[in-house]
Amino acid sequence: MRPFDRRSSGKLRTPGVFQRLVEKPLLHEGRSHSFRVFVLITSTAPLRFWIWPDAYAMVGPIPYRYLNTTNPSASLPSVCAMIINAFFQKRHCWVLKKNDESDVKVKFMRLKTFFDQSTKLLSKRGHRASAQTLYDRTKDAVRMLILAGYGSFVGGTGHQFLGIDMILDDEGVPHVLEINRSPGTTEDDAGRKKLIHDSWIGMTGSFAHDFTARRWDRCRIQGDAACRVQSLIHKFVEHEAAQGNMIGKLERLTIFEYERERLINDNSFEELYPRSDATMARYQGHLALLEPSDETAVAVHLHEVLFQWLAWCELNSCHPKMRTGM
């Protein structure tokens, strides 16, 4: 995948990305596919993002043998065998569906079902990979994608909900096809959509007793989630002070907001980043790619604070077991 500039009549237009065609996708009943995962970015300084485990996959209606690999856009059957997108199929490929070899419509299935079927197909090709392995590879690809583009949105405010379309090749490796910043859900399961929205809204709410990050010394109710976070942060601040590191209000607020999301979310979304000090250490290279500025300096500092917090939490058993599967 590499960037390029679209040019028309010698004038520079909007920048874009050119990606090589995945010529050997994993075929289901001789047909190509795509699958969509939903990702929620809740903060950019520091970066925090989550994945919704219950995603879906689409298997195309046109046999893949119609694809012209030399010139994929040479004919409508070739294009329709390649682009597995419900909107595109409905708009352009319906005329081909009178062919006896074509299904009536795109076949939808839950992502877990799709991965279960894919493991059997991969096994026949000599590749061993469980459904969980395919899901872990997908999550890793999403992390790399978001982190690679971090410099373009660092410091942005608000939340961003993304629909990321992907495809498996015939060795079980996921490839990103496109990112939808306003993903359509017309063909999605209504129950899934409601659960996503309810969990998302819940993560933006507050703890019981109207506790906020500005009332550090007001909570005294034992067992309250906010009180537990406050107590842990207080111990962390004392520990850092003993090491000669000062933790101010901005750093406390950063930690509190992160822990608030984790506790309210209650494993509905799965945390992709920062998740743990080990995860942050593994992917820390993306911070070195940021252009120097006051804004990025703050972001880097807050990432370091979260890293210190998560490393301390690992030693002090702050967090319950996190969700890892679909």
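A salt bridge is a side-chain nitrogen of Lys or Arg within 4 Å of a carboxyl oxygen of Asp or Glu. The legends below use this term for a predicted model.

**Figure 1. The salt bridge between Glu 270 and Arg 275.** The side chains of these two residues meet at 3.7 Å, N to O, and this distance counts as a salt bridge because the cut-off is 4 Å. Both Glu 270 and Arg 275 are buried. The pair belongs to a network of salt bridges that also links Asp 136 and Lys 139. In the whole chain, the count comes to 12 salt bridges.

**Figure 2. The salt bridge between Arg 260 and Glu 257 in helix H7.** The N to O distance between the two side chains is 3.0 Å. The residues stand three places apart in helix H7 (residues 249-265), about one turn of the helix. An α-helix has 3.6 residues a turn, so residues three or four places apart point the same way. Arg 260 is buried because its relative accessibility, 9%, is under 20%. Glu 257 has a relative accessible area of 24% and is partly exposed.

**Figure 3. The salt bridge between Lys 112 and Asp 116 in helix H3.** The side chains meet at 3.2 Å, N to O. Four residues separate the partners along the sequence, again about one turn of the helix. Lys 112 is partly exposed, with a relative accessibility of 44%. Asp 116 is also partly exposed, at 30%.

**Figure 4. The buried face of helix H3.** Helix H3 contains 14 residues and spans 20 Å from its first C-alpha to its last, close to the 20 Å expected at 1.5 Å a residue. Its buried residues are Leu 111, Phe 114, Phe 115, Ser 118, Thr 119 and Leu 122. Seen down the helix axis, these residues fall within an arc of 145°, so they line one face of H3. They pack against strands E3, E4, E5 and E6 and against helix H4. Lys 120 and Lys 124, on the other side of H3, are exposed. After the helix comes Gly 126, which has a positive phi, near 85°.

**Figure 5. The surroundings of Thr 119 in helix H3.** Thr 119 counts as buried, with a relative accessibility of 16%. Apart from residues up to four places away in sequence, Thr 119 touches Ala 129, Ser 130, Ala 131 and Leu 134.

**Figure 6. The surroundings of Thr 279 in helix H8.** Helix H8 covers residues 277-282. Thr 279 is buried, at 12% relative accessibility. When its neighbours within four places in sequence are left aside, Thr 279 is in contact with Arg 143, Leu 272, Tyr 273 and Pro 274.

**Figure 7. Strand E3 and its partners, E4 and E6.** In strand E3, 14 of the 14 residues are buried, so the strand is largely enclosed by the rest of the structure. E3 pairs with E4 in the antiparallel sense over 11 bridges, and the two strands form a hairpin with two residues between them. Within this pairing, Tyr 56 in E4 is the bridge partner of Arg 36. E3 also pairs with E6 in the antiparallel sense, over seven bridges. Here Gln 160 in E6 is the bridge partner of Ile 41.

Conventions: Residues are numbered from 1 along each chain as its sequence is written. This is a predicted model: local features need pLDDT of at least 70, side-chain atom pairs count only at pLDDT 80 or more; totals for chains, interfaces and linings use all residues. Side-chain values use heavy atoms; hydrogens and water are left out. Buried means under 20% relative accessible area, exposed over 50%, partly exposed in between (1.4 Å probe, protein chains only). Contact means heavy atoms within 4.5 Å. The expected span of a helix is 1.5 Å times one less than its number of residues. The arc is that of the directions from the helix axis to the C-beta atoms. Two strands pair if DSSP finds at least two bridges between them.
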